[in-house]
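Thanks for coming. I have one structure to go through today, so please look at it while I talk.

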Amino acid sequence: MSVKQLVLALAAACVAGSTLAQTPPAPPAAPPVADCEKPAPHPGRLASDQRIKGWNREVAAWQECMKKYVTEIQAAADEAVKIANAAVARSNAAVNGYNAVVKEMQAQVEAAR
């Protein structure tokens with residue numbers, strides 16, 4: 001095994017050891033399921049005013065339920081993005097640390113020649 005291969009193997013072992021020691025974050029909770037009751041089909045233009053008003057209330061209640069559901073889903077997505085960004089940052093830090101160690105070891109090998 002050449003000195004360069006040895007240096008690279010040692011650097012890889014150092015990075016692998018530090019990576020294994022890290023505990024991955026818990027996966028985000030499953031998003032809530034929309035249990036919003038859909039309004040009945042439109043009663044038609046010949047329906048009574050009372051029936052149309054009732055249908056409008058059904059639609060308004062469904063809209064509010066869906067808005068709440070979408071807000072909850074967006075919050076879960078935002079949390080997932082935060083976790084993903086943190087994982088990318090940790091990955092980048094590990095790569096930068098690896099590169100620094102390899103560069104230092106390569107400098108030591110060059111100095112020893």
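Start with Glu37, which sits in the loop between helix H1, residues 3-21, and H2. This is a predicted model, so please keep that in mind throughout. Is Glu37 buried or exposed? Glu37 is exposed, at a relative accessible area of 70%. From Glu37 to Met66 there are 29 residues in sequence, and the C-alpha atoms of the two are 9.4 Å apart in space.

Now the chain as a whole. The protein chain has two helices and zero strands. It has 113 residues, and buried residues make up 10% of them. The accessible surface of the protein chain is about 8800 Å², and carbon and sulfur atoms account for 61% of that. If you take the contacts between residues at least 6 apart in sequence, 69% join residues at least 24 apart.

Next, H2, which covers residues 49-112. How far apart are the end C-alpha atoms of H2? They are 93 Å apart. At 1.5 Å a residue, the 64 residues of H2 should span 94 Å, so the expected and modelled values agree. Some residues of H2 are buried: Gly54, Trp55 and Val59, then further along Val102, Met105 and Val109.

That leaves the charged pairs. Side chains of opposite charge can pair when their charged atoms come close. How many salt bridges does the structure hold? The structure holds three.

One joins the side chains of Arg51 and Glu58, at 3.6 Å from N to O. As for exposure, Arg51 is partly exposed, with a relative accessible area of 33%. Glu58 is also partly exposed, at 31%. Both values fall between the 20% cut-off for buried and the 50% cut-off for exposed, which is why neither residue gets either label.

Another salt bridge pairs the side chains of Glu64 and Lys67, with N to O at 3.9 Å. Both residues lie in H2, three residues apart, or about one turn of the helix. An α-helix has 3.6 residues a turn, so residues three or four places apart point the same way.

The remaining one is between Glu110 and Arg113, where the closest N and O atoms are 3.5 Å apart. Arg113 has 73% relative accessibility and counts as exposed, because the cut-off is over 50%.

To recap, the model is predicted, with two helices and zero strands, and three salt bridges. That is what I have.

How values were computed:
Residues are numbered from 1 along each chain as its sequence is written. This is a predicted model: local features need pLDDT of at least 70, side-chain atom pairs count only at pLDDT 80 or more; totals for chains, interfaces and linings use all residues. Side-chain values use heavy atoms; hydrogens and water are left out. Helices (H or I, at least four residues) and strands (E, at least two) are DSSP runs, numbered from the N terminus. Buried means under 20% relative accessible area, exposed over 50%, partly exposed in between (1.4 Å probe, protein chains only). Contact means heavy atoms within 4.5 Å. Accessible areas come from the Shrake-Rupley method with a 1.4 Å probe; for residues, only the protein chains shown count as cover. A salt bridge is a side-chain nitrogen of Lys or Arg within 4 Å of a carboxyl oxygen of Asp or Glu. The expected span of a helix is 1.5 Å times one less than its number of residues.
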